[in-house]
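Here are my notes on the model, point by point. Please read them with the structure open.

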Amino acid sequence: MFTGIVEELGEVLALEPGPDSARLRVRGPLVVSDAAHGASISVNGVCLTVTDHDAKSFAVDVMAETLRRSSLGVLAAGDRVNLERAMAADGRFGGHVVQGHVDGVGRIERRQPGDRWEVVEVSLPADLARYVVEKGSITVDGVSLTVSALHATSFEVSLIPTTLGLTTLGHKGVGDLVNLEVDVLAKYVERLLADRPTTSTSAPEVRP
């Protein structure tokens, strides 16, 4: 599990596509400082498993399902990526519950600079809209953010200087793709309510 607090801006060293998968190598000295084979690292919001590493970089295998649901397949050598190690049991919970299971891909529609912040509007796939609420949490490229405004087919987030400077969201432009993960708690609530047995509201039969 992750919290959506990016620890390091990594750099893609190579993306080697296969018939239905890809192998990705990323430079990230901080996140590999205590890495082990099989460790989980979030790359632009996607939970991936370390298959090998050295002192400065790590490699992961990206399966077809992940390529289909995320934007990892369009990465190229030199691209920057948001990195976060799995949350330690005794760590601070700085963001919100992030699984690293991307639900869909959005596109940056608009950027509006402010005094020391920036509003970014992102397209919202129709099948995810019901899980997104104003002032609720959403993960964009692995960054835990608060929805500041909600529209019919998009949402807005307000980015502070720290987010702009320490994540890829400060560098992406209009038209760029971003990975989206909605709040998993909303999906659990939906499933629980869908499976709730219905109760009859009709009056009991009265016998003479």
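1. How far apart do the end C-alpha atoms of residues 97-193 lie, and how much of the span is helix and how much strand? The distance is 21 Å. Helix makes up 16% of the span and strand 41%. Keep in mind that this is a predicted model.

2. The span boundaries come from a record. An unreviewed UniProt entry lists residues 1-96 and 97-193 under "repeat: Lumazine-binding". For residues 1-96, the end C-alpha atoms are 10 Å apart. That span is 6% helix and 44% strand.

3. Next, the cavities. There are 2 cavities of 30 Å³ or more. The largest holds about 50 Å³ of space. Its lining consists of Ile108, Arg111, Val120, Val122, Val140, Val157, Leu159, Leu169 and Val178. Strand 7 (104-113), strand 8 (118-123) and strand 11 (154-159) each give two or more residues to this lining. By type, the lining has 8 nonpolar residues, no polar ones and 1 charged.

4. The second largest cavity holds about 30 Å³. Around it are Asn44, Gly45, Val102, Thr139, Asp141, Gly142, Asn179, Leu180 and Glu181. Strand 12 (residues 177-182) supplies the largest share of the lining, with 3 residues. The makeup here is 2 nonpolar, 5 polar and 2 charged.

5. Asp141 deserves a look. This residue sits in the loop between strand 9 (137-140) and strand 10 (143-150). Is Asp141 buried or exposed? Its relative accessible area is 0%, so Asp141 counts as buried. Asp141 also belongs to the lining of the second largest cavity. Beyond residues up to four places away in sequence, Asp141 touches Asn44, Gly45, Ser71, Asn82, Thr168, Leu169, Lys172, Leu177, Val178 and Asn179. Among these, Asn44, Gly45 and Asn179 also line the second largest cavity.

6. Now the packing. The largest nonpolar core has 21 residues, and Val140 and Phe155 touch the most other members. Strands 8, 9, 10, 11 and 12 each give two or more residues to this core. A separate core has 20 residues, among them Val12, Val46, Val50 and Leu83.

7. Val140 links two of these points. This residue is in the largest nonpolar core and also lines the largest cavity. Leaving aside neighbours within four places in sequence, Val140 is in contact with Leu145, Phe155, Leu169, Val178, Asn179 and Leu180. Of these partners, Leu169 and Val178 also line the largest cavity, while Asn179 and Leu180 line the second largest.

Key. Residues numbered from 1 in each chain as written. Predicted model: local features only at pLDDT ≥ 70, side-chain atom pairs only at ≥ 80, totals over all residues. Heavy atoms only, no water. Helix = DSSP H or I, 4+ residues; strand = E, 2+ residues; numbered from the N terminus. Buried < 20%, exposed > 50% of the residue type's maximum accessible area, 1.4 Å probe, protein only. Contact = heavy atoms within 4.5 Å. UniProt positions renumbered as here; feature names shortened; annotations may be inferred. 1 Å grid on protein atoms, 1.4 Å probe; cavity = no way out; pocket = protein on both sides within 12 Å on 5 of 7 lines; lining within 4 Å. Points joined across faces, edges and corners; volume = space filled by probe spheres on them. Nonpolar A, V, L, I, M, F, W, Y, C, P; charged D, E, K, R; others polar. Core = buried A, V, L, I, M, F, W, Y, C linked by side-chain atoms within 4.5 Å.
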